[in-house]
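Thanks for coming. I will go through the charged surface, a few backbone details and the salt bridges, in that order.

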Amino acid sequence: MTVQTFTPSATKAASENTVTQPTHTTDVSMKKLYIETQGCQMNEYDSHRMADLLGDSYGYVLTTNPNEADILLMNTCSIREKAQEKVFSELGRWRKLKEQNPDLVIGVGGCVASQEGDNIQKRAPYVDMVFGPQTLHRLPQMLDQHQAQVEKPKKEKIKLVDISFPDIEKFDFLPEPRVEGFKAFVSIMEGCSKYCSFCVVPYTRGEEVSRPLDDVLAEIAGLAEKGVREISLLGQNVNGYRGETFEGGICTFPELLRLVAEIPGIGRLRYTTSHPLEFSDELIQCYRDLPQMVSHLHLPVQSGSNDVLQAMKRNHTIDVYIDKIAKLRKVRPDMHLSSDFIIGFPGETDEHFAETLQFIKDLDFDHSYSFVYSKRPGTPASELPDDTPEQVKKDRLAQVQQVIKQSSIDKTDAMLGKIERVLIEKVSDKDPNLLIGTADNTRLVTFIGDAAWVGRFAEIEITEIKTLNLVYGELLNLEPDVA
């Protein structure tokens, strides 16, 4: 398991299994909360909201050490193979902590919780609470119920399981997000209604439900007032956003982007994850009109073969995807493109894979999240015959990743001598004269500057390439402070 410490403003790429915690220095007498986060940025966002919720309600502070925690929460992801077994394996380790401290509270949330329900408490009876992605806002009530059982034990323990889908209710009960740094995630919708044959999201997070427009704008405006300068809009199908307006109308995703761009202080906009079917001409026009939109897009395609796309029930063809990217690069020639690829989907032949590999070369992706297909129980694809040897799939994946890695290296090398707009985020830990920021294309940029510039945007000329994701530069222009 990879362990990473981060702040809520982090924009780390999604990984299979990460422990994600903001760092806090706390008094040993304080009640402590440990959250293990698996999977996507939606889960990262949800974990931060759990921390905000329990911090505001009960004064819990986060710790990176599960051994000293009073509450252990696991925010699970069911995308990868054997996700459930990995959850129960980790719970087995947590059981030992509970044996040492009977007052320890253990909760399991996220997508595996939605799939498994009360089966989690059947297999791991020491788990006290089970909740889904749409019911994390009910954690305080569940904690109260648990405490009542401890103080007044009954003959039979009441199962604290809530994996319902109460639409967008959770956002009405969550506290204002805590701000650390100059970047923030804002979830604008939940669930997905696309029902791709390989995906469990519609079954674990429900169908698409968009937050009301005014709620989204109010949250972003509040973040901007607290110093946030970059917003990443989140949703399983984020560009399918259709939020109700105060007047009873519907706001589309391109319209939302234009409204967010007008909020004072917001200088950069990102979003993930989007779907090709919702990538409209109106959205492309936003890249033409709004300088806040970064020249970086994550648009999952999954395969470069139309036959495989049909089996995946993606409901689009490669030509449609290529056409949309061509239109986008016409208005943003410097656009960096990333995507998701599932390699070895049931029925994928050598010819299908060759089409995918050529497609990747033609589109010149900057990076990708690519994996060998793993069967997810309950999805239509899990019933498809699959006779491709596992080693063949792994060899195909290695080819894909090598092509995209080389493309990423080439794009970083091409930054030499270019001017990049950078959000200055912090002073280097190694040298107080060096500042570190992020370019549109997600590369870290280091340059000499004044600590007082942190939180502002600057134009930096790239003078040296250090690694795949790190470059050095020199300040050309410092944008005015918008605070």
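Start with the surface, where four acidic residues, D172, D214, D215 and E247, gather in a patch of negative charge. Keep in mind throughout that this is a predicted model. Of these residues, take D214, which sits in helix α8, residues 213-225. Is D214 buried or exposed? Its relative accessible area is 37%, and because the partly exposed class runs between 20% and 50%, D214 is partly exposed.

Next, the backbone. As background, most residues other than glycine have a negative phi, and most peptide bonds are trans. There are three places to look at here.

The first place on my list is the peptide bond from T272 to T273, which is cis, with omega near -5 degrees. T272 is the last residue in the range of β15, 268-272, and T273 is found in the loop that runs from there to α10, residues 281-289. Please keep that loop in mind, since another residue in it comes up later.

The next place is D364. Phi of D364 is near 55 degrees, a positive value, and the residue is not a glycine. Where is D364? It lies in the loop between α13, residues 350-363, and β18, residues 367-372. With 34% relative accessibility, D364 counts as partly exposed.

Then T442, again not a glycine, has a positive phi of about 80 degrees. T442 belongs to the loop between β20, residues 434-439, and β21, residues 444-448. Its relative accessibility is 34%, so T442 counts as partly exposed.

Now the salt bridges. How many does the structure hold? The count is 27. In general terms, side chains of opposite charge can pair when their charged atoms come close. I will show three pairs.

One pair is within a helix. The side chains of E99 and R95 meet in a salt bridge, at 3.6 Å from N to O. Both residues lie in helix α2, residues 83-100, and they are four residues apart, about one turn of the helix. E99 is exposed, with a relative accessible area of 56%, while R95 at 44% counts as partly exposed.

Another pair is R242 with E278, where the closest N and O atoms are 3.1 Å apart. Why does this pair tie together separate parts of the chain? R242 lies in strand β13, residues 242-244, and E278 in the loop between β15 and α10, so the pair joins parts that are 36 residues apart in sequence. That loop is also where T273 is found. R242 counts as partly exposed, at 44% relative accessibility, whereas E278 is buried, with a relative accessible area of 15%. The two residues also belong to a wider network of salt bridges, which links K194, E208, R242 and E278.

The remaining pair is D440 with R268, and here the closest N and O atoms are 3.3 Å apart. The bridge links distant parts of the chain, 172 residues apart, with D440 in the loop between β20 and β21 and R268 in strand β15. Both D440 and R268 are buried. The D440 loop also holds T442, with its positive phi.

To recap, the sites to look at on the model are the negative patch with D214 in it, the cis bond from T272 to T273, and the buried pair of D440 and R268.

Methods: Residues are numbered from 1 along each chain as its sequence is written. This is a predicted model: local features need pLDDT of at least 70, side-chain atom pairs count only at pLDDT 80 or more; totals for chains, interfaces and linings use all residues. Side-chain values use heavy atoms; hydrogens and water are left out. Patches are made of residues with over 30% relative accessible area and no salt bridge: like charges are joined within 9 Å, nonpolar side chains (Val, Leu, Ile, Met, Phe, Trp, Tyr) within 5 Å. Accessible areas come from the Shrake-Rupley method with a 1.4 Å probe; for residues, only the protein chains shown count as cover. Lys and Arg count as positive and Asp and Glu as negative; His and the chain ends are not counted. The place of a charge is taken as NZ of Lys, CZ of Arg, CG of Asp or CD of Glu. Helices (H or I, at least four residues) and strands (E, at least two) are DSSP runs, numbered from the N terminus. Buried means under 20% relative accessible area, exposed over 50%, partly exposed in between (1.4 Å probe, protein chains only).
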